[in-house]
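Trainee: Got a minute? I'd like to go through how the terms people use for a model are actually justified.

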Amino acid sequence: MDLQSQIIQYLVTGLTVGSIYAMVGLGFTIIYNATGIINLAQGEFVMFGGLIMVFLTATLRIPMLPAFFITLALVTVIGMIYERVFINPLKHSSLITIIIVTVAVSIFFRGIAMFIWGKNPYSLPPFSSGKPIMIAGAAILPQIFWVLGLSLLTVILMNLFFNRTITGKAMSACAGNRLAASLVGINVSKMILLSFALSATLGAIAGTTITPIALMEYDRGPLLALKGFCAAVLGGLGLGTGAVVAGFIIGIIESFSAGFISSGFKDAIALIILILVLFIKPSGIFGSEEVGKVKQF
Amino acid sequence: MGKQNYLKLLGLLIVIAGLPLLIRGDYYLSILVFMGINGLVVMGLSLLMGYAGQISMGQAAFYGIGAYCTGVLTTHFGLSIYTAFFFGIFLSIVVAILVGIPALRLKGHYLAVATLGIGEIVFIVFNEWMSLTGGPSGLSNIPVVHLGNFQFANSLRFYYLVWGINLLALFFSLNIIHSRVGRALRSMHGSETAASAMGVNLSFLKIQVFILSAVFASIAGSLYAHFVSFISPNNFGLMVSIMFLMMGVIGGIHNIWGALFGASLLTFLPEYLRVFDQYDILVYGAILLLILLFMPEGFLEGVPALYRKLFKRKKS
Amino acid sequence: MSEALLKIQNLKKAFGGLLAIVDFSVLVEAGQIKSVIGPNGAGKTTLFNLITGVHPVSAGKIFFQGKDITRLRPHQIAARGISRTFQTIELFGNMNVLENVMVGCHTRFRSGMLASGLRLPNMRRDETRIYQNSIKLLQMAGLASKAEMPATSLPLGEQKTLEILRALASEPRLLLLDEPAAGLNESETDRMSELIYAIRDQGITILLVEHDMRLVMKISDEIAVVNYGQKIAEGHPEVVQNDPQVIEAYLGGDIEYA
């Protein structure tokens, strides 16, 4: 493979992985904005998305399209139960405790997943059949277009939701000031529930689309959460678009460093960038200093 | 430090001294050793979380730096254990300063993010720097600790070594808590604005506590390496950092004794859960969640509170 | 006349596009009780936050004892001898009454983490002195019997007093009081003015922000009136009271003398 096709190959891989990081990062942002919590079980939504999709299509033989939507619904419900059972009762606890609870939840979810699916990775057929498409010597799987297309669509829908609908605006208001939001009649508790539901849906979309390319197993969550968290922080915690862009940047940098430097150090590179950016501009690439000072986390 | 704490410390000393009379067998003694090692890390973390109000999500990095420093320097370079040991502490301090100064200058939880990053970076270095660390397959034949000609070669001797150091660290921590520095730390938790208006240098204090927690972790790591004589990167990954955090929260972060309790409980629990075979992770997660749901302030404060709650309900 | 204790020169503060303080200058002479009054949102608390370094200054200079303290951080300013209380009480709720005052002593002692951990002799000496100083302050205000109580369990009036004691523990040259009488009843307010006199008599200069006009008019040596971040009047209480601009600012003479 010549250099040019190599570069294209890495770029496409980076975009694909990056879109998953972007979705996880966006999921972090949504919950963070409504609650101030860093939900470290975010990666488990992705894992559930992938594995439930596998279960529905391979075991129950449900066709791809309905299975996709059932998966989203199920994972969303998981997210809502999670919020009601584990987060809501602790609303008076300290932030540290709640973050630890999200860790415990992630361990528990992994336990459930292992109980059901065991330790082996599962694969999923691609959403549409077809040969890899050759672009300038680089082979691109059709599934990659699904990943990119669906995540782009999701990001656009989320943007519309937060900027154009009353509910979306109400959620943003919660982010600004929870007390004020409740005083103007916004049901904050409902908004928090909704934020977990949305976050879970996002995770499920990421999980279902990436599984045909990258397989899925019970303990994939933590690493994804770590990368998604990096994206959320790099993008300026609380900024949805920032998280998405940062997710893509991390994905691309990782893919190139794996290709040209060393695959072992690729995970370190995203983190080194994260730390460097935090040193230079603590509010993230897209965050403003003024807003950053008000934030709890 | 109040009289009460001296009594508690004395009580703990007696329990520690006497415990090996009741518990026999290398297996149980080694669990006690791990309790002591984990307790040391969590104590530092407790000072950081409960008193300085900061989260470290990468404490295993310092634990690992301590372990690999003594491991690599004694096996590859033939340095004495003590030199290696202090080098580990030194390196941990340097890393803590490099991470801490930029992250703690700012308000908020940037330290959580920065330590998460450094934890992973250190983990990757352990994995990839094959020539020194042995990579994923680990580093073996780490020599035993000795004091002159006295070898801490069996579990019993090591048990006393670890818990001796642990008690010293506890004494040190309790002294800090009940001093001008400790009050400044707690005041910071009460109100950062007022604390700084009273002349408390917030970021400097936070960095100091972070460094102290790194030193504790590094000492614990060195002890670990010499006790098990074999280390691999997996002993120092993200999950280990999270586990330390969890031990702190479960014990109760606002109380240094809680750190010891949480560390002991969570060291013991997984051993016990082995009967669940491969489903241990499920049971483990469920137990953690139950504890956190019913005792969000941790065991030491949670058990009396829970008791009061149940008792009151019965009465009414 | 010698140099003023606190000199504020052309101070400016903008939050985003909002100007909170516009070109504000004031002098506080040593030994004075000086008050800053003005309608809500006039920028009084912002002024305190600028003096004590909580917010960075947008422009202008602040001198304390002839030295520029404009860019110093809060704890450095505290060490120079400026202490303060807060409008919304900021006691350390996780500590008891005595410990709150002991934190106030922080800047006057040095023993650090290592000395404390090892209980070195100098640390033990410091601890005794911190304890004695704090108890003495509590005794002065009649709070010694409540030393072991959680700070936030005290009634409001005593919490306000405790905040002042905590500030005094740092042995300041200048004490900034942010609405010390807010929420207090008449007899409590009278006691507060006694306390403020007592502090002044120890040689501590006081800068006061207050809404209770009766108190302000009674105890102040000088008053500066701010509105929309600007000083609109300054002088002796009687002079200020009759200033048409001041009356205008308080919506046609809304100053309460009750």
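Mentor: Sure, let's take the terms one by one. This is a predicted model, where local features need pLDDT of at least 70, side-chain atom pairs count only at pLDDT 80 or more, and totals for chains, interfaces and linings use all residues. Residues are numbered from 1 along each chain as written, and chains are lettered from A in the order written.

Trainee: What makes the radius of gyration of chain B agree with a compact globule?

Mentor: The radius is taken over C-alpha atoms, and the globule rule is 2.2 Å times the number of residues to the power 0.38. With 316 residues that gives a value near 20 Å, and chain B has 20 Å, so the two agree.

Trainee: How much of chain B counts as buried?

Mentor: 55% of its 316 residues. Buried requires 20 or more other C-beta atoms, placed from the backbone, within 10 Å of the residue's own.

Trainee: What makes β1(C) and β2(C) a pair?

Mentor: DSSP has to find at least two bridges between two strands, strands being DSSP runs of E with at least two residues, numbered from the N terminus. β1 (residues 6-15) and β2 (residues 18-28) of chain C have 7 bridges in the antiparallel sense, so they pair by that definition. One of the matches puts C:Lys13 with C:Ile21 in β2(C).

Trainee: How do you know that β1(C) pairs with β4(C)?

Mentor: β4 (residues 59-64) of chain C and β1(C) share 5 bridges, again antiparallel. There, C:Lys7 stands opposite C:Phe63.

How values were computed:
Buried ≥ 20, exposed ≤ 12 C-beta atoms within 10 Å, placed from the backbone. Helix = DSSP H or I, 4+ residues; strand = E, 2+ residues; numbered from the N terminus.
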